[in-house]
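Here is a friendly walk through one protein model, with a few residues picked out along the way. Have the structure open as you read.

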Amino acid sequence: MSLRRSCAWLAAAAIIVVLAACAGEREKLAPKSASIPAGINLSGRWRLVGEDALAKRRSTPDVLVAVFLETGSELKVTQTTDGLFISFDRSVVEEYRFGELREVSVGPVTADRASGWDGGRYVIETLDEDGVKLLETYRLEDDGTSLLRTITILRKEARELDVRQVFERS
C-alpha cells in the first residue's frame, strides 16, 4: 500500500471514529432538587376545568416517550416528605420521588427520568432512547385553589406536543 493510500485510509478511519463518538453522545438529564419549597403542598383531589386540550388532539406524537404520559380528568395527588403519588382517574397511580434520577420502563420501552422541585414547580423529565423528552410540570396557582399541569414533548428542540391543563380542587 502506498504512503498516499495509507494516509487517506487513516484520515477516513479517524473521521469515522469521530462521527461515531459524536453520534453516541446522548443527552443526560440533570438531577432536580429534593427539597420541598416552603409552603408548597400539591396534595388534594383535583378536577379538570374546561375542555381537555390533550383529549382534543387525535393522538399523541408517535414517539416512544409517549407511553409514559398519563392523563385523566380527575387527579388525586398525595405529597409526602419523599415524593408525590398521582392517581389519574382512580386507575393509574404514578410515584415520583423528590430528586430522583433513574431508569423507568413500560414493557420493553425504557427511559431516563429526573424529577424534583424547581422553585414552586414540580418537574418531571423523561428521556427516551431516541433523545425525545417528555416534560411535565405541576404548580399551584390562585392561592392554591388551582393546579396547573403543563405537558411538553420535545424532539430535537421541536415541540411535538405542548398542552396546558388547569385543575380545581374538588
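## Confidence first

Over residues 5–22 the pLDDT stays under 50, and the model has one contact beyond four places in sequence for this stretch. Where pLDDT is low, the predicted coordinates should not be read in detail. This is a predicted model, and the protein as a whole averages a pLDDT of 86, with 82% of the residues scoring at least 70.

## Arginine 113 and its surroundings

Let us turn to a charged residue. Arginine 113 belongs to strand S6, which covers residues 109–118. Which side chain of opposite charge is nearest to this buried arginine? That is glutamate 94, 4.2 Å away, and arginine 113 has no salt bridge. With a salt bridge defined as a side-chain nitrogen of Lys or Arg within 4 Å of a carboxyl oxygen of Asp or Glu, the 4.2 Å to glutamate 94 does not qualify. The side chain of arginine 113 does make a polar contact, at 3.1 Å, with the side chain of threonine 126. Leaving aside neighbours within four places in sequence, the contacts of arginine 113 include Leu29, Phe68, Tyr96, Val104 and Ile124.

## Two aspartates with positive phi

Most residues other than glycine have a negative phi, and most peptide bonds are trans. Two loop aspartates are worth a look on this point, and the table sets them side by side.

| Residue | Phi | Loop | Relative accessible area |
|---|---|---|---|
| Aspartate 89 | near 50° | between strand S3 (83–88) and strand S4 (92–97) | 36%, partly exposed |
| Aspartate 143 | about 55° | between strand S8 (132–141) and strand S9 (146–155) | 84%, exposed |

## Buried spots and an aromatic cluster

Another aspartate, aspartate 128, sits in strand S7 (residues 121–128). Is aspartate 128 buried or exposed? Aspartate 128 counts as buried because its relative accessible area is 0%. A polar atom of its side chain lies 2.9 Å from the backbone nitrogen of aspartate 130.

Alanine 66 is in the loop between helix H2 (53–56) and strand S2 (74–79). With a relative accessibility of 14%, alanine 66 is buried too. Its C-alpha atom is 9.1 Å from that of lysine 133, a residue 67 places away along the chain.

Finally, the rings. How many aromatic pairs does a search of the whole structure find? The search gives three, and ring pairs join Phe98, Trp117 and Tyr122 into a cluster.

Note on methods. Residues are numbered from 1 along each chain as its sequence is written. This is a predicted model: local features need pLDDT of at least 70, side-chain atom pairs count only at pLDDT 80 or more; totals for chains, interfaces and linings use all residues. Side-chain values use heavy atoms; hydrogens and water are left out. Rings of Phe, Tyr and Trp (its six-membered ring) pair if their centres lie within 6.5 Å; planes under 30 degrees apart count as stacked, over 60 as edge-to-face and the rest as tilted. pLDDT is the predictor's confidence in each residue, from 0 to 100. Contact means heavy atoms within 4.5 Å. Helices (H or I, at least four residues) and strands (E, at least two) are DSSP runs, numbered from the N terminus. Buried means under 20% relative accessible area, exposed over 50%, partly exposed in between (1.4 Å probe, protein chains only). A polar contact is a pair of N or O atoms within 3.5 Å; within protein, one must be able to donate a hydrogen and the other to accept it, and residues adjacent in sequence count only if both atoms are side-chain atoms. Lys and Arg count as positive and Asp and Glu as negative; His and the chain ends are not counted.
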